Amino acid sequence: MFQGKYVFNQVISFISQYEFKECVDEFNGDRGVKKLSCWQQFLTMVFGQLGKRESLRDICICLAAHRMKLYHLGLSDAVKRATLQEANEVRDYRMYEKFAYTLIAKARKLYVNDSQFTLELAGVAYALDSTTIELCIALFPWAKFRTTKSGIKLHTLVDFKGNIPAFIHITSANVSDVKALDVIIFEAGAFYVMDRGYLDFSRLYAIHTAGSFFVTRAKHNTKMKRLYSKPITDEEKEQGIRCDQIVVLTGQESKKDYPEKLRRIKYYDGEQKRYYVFLTNNFLLSATTIAELYRYRWQVELFFKWMKQHLNVQTFWGYSENAVKTQIWVAMATYALVAIVKKKLSLTQSMNEILQILSISLFDKTALIQLFSECDSKIIQDESEKQLILEGF
């Protein structure tokens with residue numbers, strides 16, 4: 001029988017405390033702190049995410065009920081709700097943001113050869129989109145969105161390999177999506193896939209001059225002139241490609257904002273019975289690959305849906321801007337941590353299944369690899385029993 005660490009402690013062991021301390025020291029996070037260090041605060045918040053706790057009180061009561069185990073979980077003592085609340089309110093969220101990016105960078109390296117993304121590209125491919133989280137205006141007046149409500153917006157860049165969020169920019173919900181392009185540092189050779197809400201030609205030209213590629217959709221009133229058409233093969237026609245053109249913009253402002261050539265691809269989606277018109281500055285990839293790249297853009301929508309269902313980023317444990325951002329960045333760090341555990345242990349379960357299993361096993365003393373192997377075997381056994389019943393029937 002395994003007599004080692006608790007499951008929560010085993011998960012946390014994938015984190016470098018040295019790297020965490022570097023992030024804390026950069027923002028003087030522990031200066032003057034007498035109770036609840038930043039490391040303790042972080043562990044407590046991660047526990048809340050993994051355990052699917054609904055409030056700070058819920059977290060503190062749960063930990064207090066297991067007071068004798070806290071030292072072995074990496075926590076010095078039970079946390080008081082008021083102490084944790086104050087820490088979230090006043091300690092700079094940017095140290096948790098930086099550490100989240102540290103974990104994200106590690107996770108992305110592990111997923112660089114992810115087999116779920118099948119397109120062969122010379123560079124990295126990202127999907128850019130945003131999601132809005134509505135808030136109560138009485139509790140979150142600093143995030144005023146409309147007359148009767150508040151809200152924040154998460155502008156997110158998701159790496160197609162592993163669906164890892166490579167960049168997140170948190171703003172008030174009334175900030176336009178296209179403004180996210182002003183704060184992204186574009187990688188040379190990378191592909192940025194986005195919907196037509198990001199169709200701003202001066203900003204797209206900035207992507208082009210950075211040596212990066214974009215794929216987006218044209219609006220119905222986008223004025224352009226065809227220079228010539230590329231031939232379409234029979235195979236491309238069967239795959240939905242209707243035309244592949246080299247164009248220039250003719251609008252009075254747009255041709256100044258983007259003075260060079262663009263590629264226009266018209267695609268017919270047989271399943272949805274609708275046409276799409278794509279614009280890109282890449283002239284080498286096949287038209288089919290460009291269309292496929294845009295289809296992968298829906299991965300960011302799936303990430304948003306998954307995040308809201310399985311991470312605590314809609315019910316907030318504090319009301320200040322700092323507390324909200326701290327919770328979001330700890331949630332992103334938790335996501336990256338689980339992704340690291342999944343890849344390093346070669347787990348076959350989905351991220352959702354891993355979180356579900358961890359949520360009810362944090363106080364168990366079972367080796368992680370054994371915990372997930374047993375769950376996998378139980379699922380297989382249950383499925384076999386169901387199959388036998390069907391066959392007997």
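Reader: Is leucine 36 buried or exposed?
Author: Let's start with the cut-off, bearing in mind that this model is predicted. A residue is called buried when its relative accessible area is under 20%. Leucine 36 has 13% relative accessibility, so it counts as buried.

Reader: Where is leucine 36 placed?
Author: Leucine 36 has a positive phi of about 60°, although it is not a glycine. As for its place, look to the loop between α2 (17-26) and α3 (38-50).

Reader: Lysine 273 has a positive phi too, so is it buried or exposed?
Author: Lysine 273, again not a glycine, has a phi of about 55°. You will find lysine 273 in the loop between β8 (262-269) and β9 (274-280). The cut-off for exposed is over 50%. At 61% relative accessibility, lysine 273 therefore counts as exposed.

Reader: Which helix gives the largest share of the largest nonpolar core?
Author: That core has 104 residues, and among the members that touch the most others are Phe8, Phe42 and Leu293. The largest share, 14 residues, comes from residues 321-344, which form helix α13.

Reader: Which residues does leucine 293 touch?
Author: Leucine 293 is one of the core members that touch the most other members. Leaving out residues up to four places away in sequence, leucine 293 touches Phe117, Leu119, Leu121, Ala125, Phe160, Phe191, Val193, Val215 and Leu285.

Reader: How many residues are in the second, separate core?
Author: Among its members are Ala166, Leu181, Met194 and Ile207. This second core is separate, and its count is 24 residues.

How values were computed. Residues are numbered from 1 along each chain as its sequence is written. This is a predicted model: local features need pLDDT of at least 70, side-chain atom pairs count only at pLDDT 80 or more; totals for chains, interfaces and linings use all residues. Side-chain values use heavy atoms; hydrogens and water are left out. Helices (H or I, at least four residues) and strands (E, at least two) are DSSP runs, numbered from the N terminus. Buried means under 20% relative accessible area, exposed over 50%, partly exposed in between (1.4 Å probe, protein chains only). A nonpolar core is a set of buried Ala, Val, Leu, Ile, Met, Phe, Trp, Tyr and Cys residues joined through side-chain atoms within 4.5 Å. Contact means heavy atoms within 4.5 Å.
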